[in-house]
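Me: Please pick one part of this model and go through it closely. Start from a single residue and work outward, giving the cut-offs as you go.

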Amino acid sequence: MDEEYDVIVLGTGLKECILSGLLSVDGLKVLHMDRNDYYGGESTSLNLIQLWQKFRGNDKPPAHLGPSRDYNVDMVPKFIMANGILVRTLIHTDVTKYLSFKAVDGSYVFNKGKIHKVPATDVEALKSPLMGLFEKRRLDLTRITSRELISKYGLDDNTVDFIGHAVALHRDDRYLNEPALDTVKRMKLYSESVLRFQGGSPYIYPLYGLGELPQGFARLSAVYGGTYMLNKPECKVEFDMEGKVCGVTSEGETAKCMKVVCDPSYLPNKVRKVGKVARAIAIMSHPIPNTNESHSVQVILPQKQLGRKSDMYVFCCSYSHNVAPKGKYIAFVSAEAETDNLEMELKPGIDLLGPIDELFFDSYDRFEPVNEPSLDNCFISTSYDATTHFESTVTDVLSMYTMITGKMVDLSVDLSAASAAEEDY
């Protein structure tokens, strides 16, 4: 370990693993360390025994739930936009060869106490009067707000809720007072993602859960010379007299480096708390009612429908994506915590699930960096939000990549050379 590296990455969450892969591809000498003995960090996937150990304090789940190894329960459940940034990053890096994906059955929105399907066929999309929004000139959209644009169409509040939260995927209503261009781009992405696979939603999801994603990017890093060390305790970041990072120490050994990339837990004195995510995890023996028997589905509960400041999200997957035994479903209800009573706060989403075999409650604080990377060479990711899609996650990653390297990721470049490189791996 007593070597010198260009970058040391701490934590094997998805964000850190994507960056490790991208930086290794760039030819940088990367050391990737984690205090845990598994990949994924906070975004790992747990089998049934691990789930029981985390939430119940023992390793003896009831036998009727099926084999532990058949479960892959995501701790940060998110679907992937079929034409979004993460898919383009996966294709760009050739990480797709390590993973298998399957379309998600449906996307729904909660309105006036009922679940309604978001239109998902090209015919429905083309019939929508909202398609005219895409023909607006960019200049106009940078000058007018989303509220002003929507008002031109005389849409009622329910339709505005549907557009802003179920299609544009905004987390709250702040977008209404911001330039309309971002909302139109988001709607365009949603439409393109629906059309890409001609499925019932704009989303895809990896077989065996999201735990496969960090490992895919870790493998990419290794192909390009990255070094991995799991189960490394402490991982203390060292600084020189000028306050710049100079290495990382673990078990009495120090690896020198010019830059450190990490999740907030490794540098707690350089981050601030910005919120808290509340989550319920349910194991069920049936799909979510009123979703057309969908084996995988997202339901968005817009803030206005619940009298909240931000949206609530329901995520459900099942044996169809190999995350549970046949006949079992895993559902999550997630929201930005606005009270101290998580169980009552999540009740509107839980009430949509129907009968539940087992229910767990979880929460975690969200942090964002407050340091100046140009001064200390520490590049810290933000914590995962409550949304059930990956766009904001990858946007954070690409922004960090630009800060670290001074350049943008060119997602148009084909890195299929990685295939040849792996033959020697």
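Reply: **Strands 12 and 13 and their surroundings**

Cysteine 246 sits in strand 12, residues 245–250. Helices (H or I, at least four residues) and strands (E, at least two) are DSSP runs, numbered from the N terminus. The model is predicted, so local features need pLDDT of at least 70 and side-chain atom pairs count only at pLDDT 80 or more, while totals for chains, interfaces and linings use all residues. Residues are numbered from 1 along each chain as its sequence is written, and side-chain values use heavy atoms, with hydrogens and water left out.

Cysteine 246 has a relative accessible area of 30%, so it counts as partly exposed. The cut-offs are under 20% for buried, over 50% for exposed and partly exposed in between, with a 1.4 Å probe and protein chains only. Setting aside residues up to four places away in sequence, cysteine 246 touches Glu238, Phe239, Asp240, Ala255, Lys256 and Cys257. Contact means heavy atoms within 4.5 Å. Asparagine 377 is 131 residues from cysteine 246 in sequence, yet their C-alpha atoms are 9.0 Å apart.

Strand 12 pairs with strand 13 in the antiparallel sense, over 4 bridges. Two strands pair if DSSP finds at least two bridges between them. Serine 250 has glutamate 253 of strand 13 as its bridge partner. The hairpin of these two strands has 2 residues between them, and there glutamate 251 takes a positive phi near 55°.

Strand 13 covers residues 253–262, and valine 261 is in it. Valine 261 has 0% relative accessibility, so it is buried. Beyond four places in sequence, valine 261 touches Val7, Ile8, Val9, Leu10, Leu19, Phe379, Met400 and Ile404. Glycine 11 is 250 residues away from valine 261 along the chain, with 8.6 Å between the C-alpha atoms.

Some of those neighbours lie in paired strands. Strand 1, residues 4–10, runs parallel to strand 13 over 6 bridges. In that pair, leucine 10 stands opposite cysteine 262. Strand 19, residues 378–380, is also parallel to strand 13, over 3 bridges. Here valine 261 faces phenylalanine 379. Strands of a sheet pair through backbone hydrogen bonds, either parallel or antiparallel.

Now the cysteines. The structure holds 0 disulfides. Cysteine 317 is in none, and the nearest cysteine sulfur, in cysteine 316, is 7.0 Å away. The cut-off for a disulfide is a pair of cysteine sulfur atoms within 2.5 Å. Cysteine 378 has its closest cysteine sulfur in cysteine 262, at 6.5 Å, so the two are too far apart for a bond. Cysteine 378 is buried, with a relative accessible area of 0%. Cysteine 317 counts as buried too, because its relative accessibility is 1%.

Cysteine 317 leads to another region. Isoleucine 330 touches it, along with Tyr71, Val73, Ile281, Ala282, Ile283, Phe315, Cys316, Val323 and Ala324, not counting residues up to four places away in sequence. The largest nonpolar core has 74 residues, and Leu213, Ile283 and Ile330 touch the most other members. Such a core is a set of buried Ala, Val, Leu, Ile, Met, Phe, Trp, Tyr and Cys residues joined through side-chain atoms within 4.5 Å. A second, separate core has 24 residues, including Tyr108, Ala278, Tyr329 and Leu352.

Elsewhere, helix 7 (residues 157–167) buries Val160, Asp161, Ile163, Gly164, His165, Ala166 and Val167. Among the elements covering them are strand 7 (106–111), helix 6 (146–151), helix 8, strand 15 (297–301) and helix 10 (303–306). Just after helix 7, leucine 169 has a positive phi of about 60°.

Helix 8 spans residues 180–197 and holds threonine 183. Threonine 183 is at 6% relative accessibility, so it is buried. Its side chain makes a 2.9 Å polar contact with that of histidine 170. A polar contact is a pair of N or O atoms within 3.5 Å; within protein, one must be able to donate a hydrogen and the other to accept it, and residues adjacent in sequence count only if both atoms are side-chain atoms.

Last, confidence. The protein averages a pLDDT of 87, and 91% of the residues score at least 70. Over residues 127–139 the pLDDT is below 50, and this stretch has 19 contacts in the model beyond near neighbours in sequence. pLDDT is the predictor's confidence in each residue, from 0 to 100. Residues 415–425 also stay under 50, with 23 contacts beyond four places in sequence.
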